[in-house]
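Got a few minutes and a viewer open? Here are some exercises to work through with the model on screen.

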Amino acid sequence: MPVKRADKTPMPVRKPEMRAHDFEEVNEGYCFSHAMFEAERCLRCQDPVCIDGCPVRVPISDFMHAVAAGDMQTAAGILRTANPLAAICGRVCPQESQCEMKCHMTKRFGPVAIGHLERFVSDWEMEQPRSEEAAQPWRDEKIAIVGSGPSGLVCAGELARLGYHVTVYEALHAPGGVLRYGIPEFRLPNSILDWEIRSLELLGVEFVNNVIIGKTIKMDDLFGEMGYSAIFIGTGAGLPKFMGIPGESLNGVYSANEFLTRINLMQAFEFPYAETPLKVGKRVAVIGSGNTAMDAVRSALRLGAEHAMVVYRRSENEMTARIEEYEHAIEEGVEFHWLTNPIEVLGEDGWVTGLKCMRMELGEPDDSGRARPVPIEGSEFIFPVDNVVLSIGTRPNPLLSKSTPGLRTHSWGGLLVDEREVETSVHRVYAGGDAVTGAATVILAAGAGKRAAEAIHSDLNAEAA
Amino acid sequence: MVRIIEKRQLTPITKLYRVEAPLIAKAASAGQFVIVRVREGGERIPLTITDYDRDRGLITIVVQEVGATTRRLGELDEGDEILDMVGPLGEAPDIPSGGHIVGVGGGYGSAALLCLMRELSDRGEKTTIVMGAREKDLLILADELGEICDNVEICTDDGSAGFKGFVTERLQQLIDGSGPGRPDYVIAIGPMPMMRAVEKTTNAAGIDTTASLDPLMIDGTGMCGGCRVTVGGEVKFACVDGPFFDAHQVDFDEAVSRSKMYVKEEQKAAACQRSAAGAA
């Protein structure tokens, strides 16, 4: 079978010189024949280890079989049962360190493009006609979901499928959490997210925006007068870290959260028709090397930066971004400054003018197992820059834990959960996603939401019995 | 959507709205704020909760038309709806008991002092409000504040009502023993330069002072960090750690500089809005 010896089918992408100036999606997606061809590359391993690489254990081999046969309906069904956010995960999962890393094709020809096929099938599904009639809950119990990011969306969907009344509370004016405010259109179009949310509404899930649990409504009231039987907390890790170096409060310095929220949630790229502004100068330095840093630096490029730079104290090998985002960033002209540690933001008249850095070299491995960057004596130098965007990580937001007596957290802010990894220190209050683990991936959050839904269902059933 | 049930014009550019927001009214404390958005594509702006009525599920906000969003908000009438409103945000201030508490309000800042001063009066504190405006017609809620506080000190730049001069000048006279006398604690709410001037005045006299900062913010939950202020050398987020901070510890130079970050863009957005309104 010659097909099996072919290389991975490349994802069709828009030309870098075109896409680096707008927010349209970079990847164009496979066509039907691409998809069937690529799925045929799957070796049909007796022991499909790719599934072990998937946090929600999508039955990848069955899925491949259906795609190779051109039976997209079946493929979509397989996907959706295992991963309710497939259209999103097909776009944002780090497949190279999960399912595709395990694929037996990886060494010789490159892995089967599991992520691209996940995306193709979900996109196919979105184009199919569907009934716009919303399902009605058939159970009496009401469940409140706090936060509408990936863990909350998945938990809501699973519980609605089981017949519960589910209400999702969102603090912002639009649902989606980090999928809305964090990930840019060129990587995850809002229309995809809107479709997923509409799907949940059709399952009977109710979305309530502009409500901050802990502020607008206290947890006690959700249980008490509002009559919820269980609560799931999926509030994510949205609190930006700052470096604590001088000059961080100068005008023109942003957290990546603020920078991306102004663009993604508030549509600053349409200023002044959208009224939220964003100052992007000619030279923008983004500090950090994760997916958020890539999103920020590529957004800066799209908003007119002539020099969009990533500044990272470690080397390319320790970079944490998805490989595809890194490659796309290079193609688009992003400049990478490895082994460079910012030590001060310089300014004039209150505005950023430069970033003072030190050169680093790699030393012995540190606690994270990665080579520790060590400053090189006397190597200080200055990048002239107009903006600095800090993308050095986020922490769970303490807003809810502070206002809820008995809700226990780790010292770093993550919610403590039981041995099942679902229930918090408060009875019938469950949690999952970044609020528990600290900043991680969409798929891990989705998996946690699913696990919590199962636990809520079995706990409530046990109580009723 | 939040429905407007009452609108009052306080000055040519200042409007008071009572709106239906039962959840916010139920949870609100004096000194907290809301964030509103007026139209799709519009900005999110913070506004102090001027008052709340838990029984009727209403909150009161006062809007001074200074930019595109506040102007748009000012165009809304009774029966209209505000697209988005979220709150109550921030923490209520912790004002020490037993002593002479003086609220200093500049411009629309007086409105923000309304329910705070009432709460303090109800608690049995001796309360004075020092409120200022350029001229008599620009004073807001003077009657309401008069009913609440033990003493009302009105200041106008042109002398058209009360004391002729700045609130800080009258505050200094109080400190020196004039009128209701020396304050034991001062609450400053108003434009950043006014709060900075109040801080200078009370600092020299050694009087504890809290200021309500209203920096630019987006989400209001600590997610963006846009509202960061330096207080006592530490970075704080006004949305979750504030809005009230020890005025003597606030880096006002930085706060003022940050508040001017988008002055040009604000003018551009306002011009764009005006030309769109003109075309329509």
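Below are four exercises on a predicted model, each with a worked solution.

**Exercise 1. Work out how compact chain B is for its length.**

Start with the secondary structure: chain B has nine helices and 16 strands. Next, take the radius of gyration, which is 18 Å, and set it beside the 19 Å that the globule rule gives for 280 residues. The two values are close, so chain B is as compact as a globular protein of that length. For the overall dimensions, look at the C-alpha trace, which spans about 55 × 40 × 40 Å along its principal axes. Then check the inside: 59% of the 280 residues in chain B are buried. Finally, look at who touches whom. Of the contacts between residues at least 6 apart in sequence, 63% join residues at least 24 apart.

**Exercise 2. Decide whether B:Ser212 is buried or exposed, and find its neighbours.**

First, place the residue: B:Ser212 sits in strand 13 of chain B, which covers residues 208-212. Its relative accessible area is 9%. The cut-off for buried is under 20%, so B:Ser212 counts as buried. Now list what it touches, skipping residues up to four places away in sequence: B:Ala188, B:Ile189, B:Met195, B:Pro243 and B:Phe244.

**Exercise 3. Size up the interface between chain A and chain B.**

Begin with a yardstick: interface size is often given as the accessible area lost when the parts come together. Here chain A and chain B bury about 3,700 Å² between them, with 55% of that on carbon and sulfur atoms. On the chain A side, A:Lys215, A:Ser249 and A:Glu275 lose the most area to chain B, together 20% of what that side buries. Counting residues instead, 44 from chain A are in contact with 43 from chain B.

**Exercise 4. Find which polar links join the two chains, and which parts of chain A touch chain B.**

Go for the charges first: there are six salt bridges between chain A and chain B. One of them pairs the side chains of B:Lys26 and A:Asp221, 3.6 Å from N to O. Then widen the search to polar contacts, which gives 20 residue pairs across the interface. Now for the chain A side. Strand 5 (239-240), strand 6 (253-255), helix 13 (256-264) and helix 16 (399-403) are the elements that each give two or more residues. Helix 13 of chain A supplies the largest share, four residues. Last, sort that side by residue type: 21 are nonpolar, 14 polar and nine charged.

Notes: Residues numbered from 1 in each chain as written. Chains lettered and ligands numbered in written order. Predicted model: local features only at pLDDT ≥ 70, side-chain atom pairs only at ≥ 80, totals over all residues. Heavy atoms only, no water. Buried < 20%, exposed > 50% of the residue type's maximum accessible area, 1.4 Å probe, protein only. Contact = heavy atoms within 4.5 Å. Buried area = accessible area lost by both parts, 1.4 Å probe. Salt bridge = Lys/Arg side-chain N within 4 Å of Asp/Glu carboxyl O. Polar contact = N/O pair within 3.5 Å; in protein donor to acceptor, adjacent residues only side chain to side chain. Nonpolar A, V, L, I, M, F, W, Y, C, P; charged D, E, K, R; others polar. Rg over C-alpha atoms; globule rule 2.2 N^0.38 Å.
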